[in-house]
Amino acid sequence: MRKIILILSVFLLAACVGNPPRQAEIASYDLGSHTLTWTSPGFPVAAVNVKASSWLESPAQLYRLTYADDLRRRSYTESRWVAAPAELLERALQQRIIFGQPDFSGPGCRLRLALDELEQRFDSPQSSKVLLEVRASLLSPQGDAPLAKHAFKIEKPAPTADARGGVAATRAAAQALADELAQWLAEVTRERPQTVAACKGA
């Protein structure tokens, strides 16, 4: 009997070694591949650069349970961005701004954005929204002296209270940021003709 038990134990051990437990697949997200439209502010934009705060420099998809522990920042274990959020936002805005504007001649101004916050916040287990905070500076074709500055705070509800819902809300927030950037630059065009002249290289 002892010999039979020993043989069965060996077979069970071999089965466990030969079939290791499967790890959960990590879902990797970006902001989509659709080309977005852009309303030209009246002067060319030659470059868009986005830099992030230190806690946003990894591909982690962050969230916060404000109803349970407002001081704790968490990250999804089975979901992440394909790159750091600043890189994804920069690419999305470049697609919309740089490639969405008509051909232009001249050097063009530059947009420098500081990504201060990007987080999915749960007000309850069933409800969440994405918060996007960005500080924008319009730079001359040469030099880093800002011609204009503006801060943006955008909130978009998540369609579902999970990682995928956070991705959808983040994309909506990025689209809204591009719209608000265009509106701000249009105001700069109306109120500061000297800035427009600088961007056109005049």
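I take contact to mean heavy atoms within 4.5 Å. With that criterion I looked up L93 in this predicted model. L93 touches V48, I98, L113, A174, L177, A178 and L181, residues up to four places away in sequence not being counted.

**Entry: the nonpolar cores**

I next asked which members of the largest nonpolar core touch the most other members. They are L93, L115, L138, L177 and W184, in a core of 43 residues. I then listed the elements that each supply at least two residues of this core: β2 (45–52), α2 (85–97), β5 (109–124), β6 (127–139), β7 (146–157), α3 (163–191) and α4 (193–199). Helix α3 gives the most, with eleven residues. I also noted a second, separate core of five residues, among them Y63, Y76, F122 and A163. As background, I recall that nonpolar side chains in soluble globular proteins tend to be buried together.

**Entry: overall composition**

I recorded four helices and seven strands in the protein. Along the sequence, I read their order as α-β-β-β-β-α-β-β-β-α-α. The protein has 202 residues, and buried residues make up 38% of them. I looked up the accessible surface of the protein and found about 11900 Å², with 53% belonging to carbon and sulfur atoms. For contacts between residues at least 6 apart in sequence, I noted that 71% join residues at least 24 apart.

**Entry: strand pairing**

I examined strand β4 (residues 74–81) with strand β1 (residues 27–29), and found the two paired in the parallel sense over three bridges. In this pairing I located Y29 opposite W81 in β4. In which sense, parallel or antiparallel, does strand β3 (residues 60–65) pair with β4? I found the antiparallel sense, over three bridges. Here L62 stands opposite S75 in β4.

**Entry: salt bridges**

A search of the whole structure gave me eight salt bridges. I kept in mind that side chains of opposite charge can pair when their charged atoms come close.

I looked first at R110, which forms a salt bridge with D144, with 3.6 Å between the closest N and O atoms. The pair links distant parts of the chain, since R110 is in strand β5 and D144 is in the loop between β6 and β7, 34 residues apart. Is D144 buried or exposed? I found a relative accessibility of 51%, so D144 counts as exposed, the cut-off being over 50%.

I then turned to D116 and R135, whose salt bridge has its closest N and O atoms 2.7 Å apart. Because D116 lies in strand β5 and R135 in strand β6, this pair ties together parts that are 19 residues apart in sequence. R135 has a relative accessible area of 46%, so I entered R135 as partly exposed.

My next pair was E155 and K129, whose side chains meet in a salt bridge at 3.5 Å, N to O. E155 belongs to strand β7 and K129 to strand β6, and the pair links distant parts of the chain, 26 residues apart. I entered E155 as partly exposed because its relative accessible area is 42%. K129 is likewise partly exposed, with a relative accessible area of 27%.

Finally, I asked which residues are joined into one network by salt bridges that share partners. I found R64, R73, E117, E119 and R121 in that network.

Methods
Residues numbered from 1 in each chain as written. Predicted model: local features only at pLDDT ≥ 70, side-chain atom pairs only at ≥ 80, totals over all residues. Heavy atoms only, no water. Core = buried A, V, L, I, M, F, W, Y, C linked by side-chain atoms within 4.5 Å. Buried < 20%, exposed > 50% of the residue type's maximum accessible area, 1.4 Å probe, protein only. Salt bridge = Lys/Arg side-chain N within 4 Å of Asp/Glu carboxyl O. Areas by Shrake-Rupley, 256 points an atom, 1.4 Å probe, with all protein chains shown as cover. Pairing = 2+ DSSP bridges.
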